[in-house]
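This briefing introduces one protein model to a reader who has not seen it before. Please look over the sequence and the structure, then read the notes below.

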Amino acid sequence: MHEWQVWLVAALLLFVAEMLAPGFWLLSVAVGCLAAGVVSLVVPGAIVPALSFAAGTLLSLVGIRPFLLRHLHPSGSAIRTNVGIVSERIDPVTGKGRVLVEGEDWRAASLMDAALEPGTRVMVVRVEGATLYVDKEM
């Protein structure tokens, strides 16, 4: 496998991983990999593609990420930070499900004995690691 192919496969994997992770951090690294892949097609060796990877990632973090955050998460949003909407049913037995808070999908567990169906507004009571513990909004 050629060096440019490795960079482009890494970029593709990072683009796919960005769809699962919030914040556009992996997207910036994917743009850097894409830049390094294109440069390694033209310039042999490791130093110039590595420098283009660093430059592409940095420019993407400074330029693309703020633009996307500003347009996809407007600051005038009416959603409070401790309120979310159930995106995947929260099962009362396992307590596991998913909640959408400020446009980001989180793993969630219920503090209630009843199931929480998709579309239900919930309040985040506490956070442990990457899991939000929620209760139905009153």
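V9 counts as partly exposed because its relative accessibility is 38%, a value between the limits of 20% for buried and 50% for exposed. The model is a predicted one. The points below place V9 first and then turn to the whole protein.

**V9 and its surroundings**
- V9 lies in helix α1, which covers residues 3–18.
- Together with M1, V6 and L13, V9 makes a nonpolar patch on the surface.
- The area of this patch is about 430 Å².

**Secondary structure**
- There are 3 helices and 5 strands in the protein.
- Along the sequence these elements follow the pattern α-α-α-β-β-β-β-β.

**Overall dimensions**
- The radius of gyration of the protein is 20 Å.
- For a compact globule of 138 residues, a value near 14 Å would be expected.
- Taken along the principal axes, the box filled by the C-alpha atoms is roughly 60 × 35 × 20 Å.

**Burial and surface**
- Buried residues make up 28% of the 138 residues in the protein.
- The protein exposes a surface of about 8600 Å².
- Carbon and sulfur atoms supply 69% of that exposed surface.

**Contacts along the chain**
- Considering contacts between residues at least 6 apart in sequence, 43% join residues that are at least 24 apart.

Terms used:
Residues are numbered from 1 along each chain as its sequence is written. This is a predicted model: local features need pLDDT of at least 70, side-chain atom pairs count only at pLDDT 80 or more; totals for chains, interfaces and linings use all residues. Side-chain values use heavy atoms; hydrogens and water are left out. Patches are made of residues with over 30% relative accessible area and no salt bridge: like charges are joined within 9 Å, nonpolar side chains (Val, Leu, Ile, Met, Phe, Trp, Tyr) within 5 Å. Accessible areas come from the Shrake-Rupley method with a 1.4 Å probe; for residues, only the protein chains shown count as cover. A salt bridge is a side-chain nitrogen of Lys or Arg within 4 Å of a carboxyl oxygen of Asp or Glu. Helices (H or I, at least four residues) and strands (E, at least two) are DSSP runs, numbered from the N terminus. Buried means under 20% relative accessible area, exposed over 50%, partly exposed in between (1.4 Å probe, protein chains only). The radius of gyration is taken over C-alpha atoms; the globule rule is 2.2 Å times the number of residues to the power 0.38. Contact means heavy atoms within 4.5 Å.
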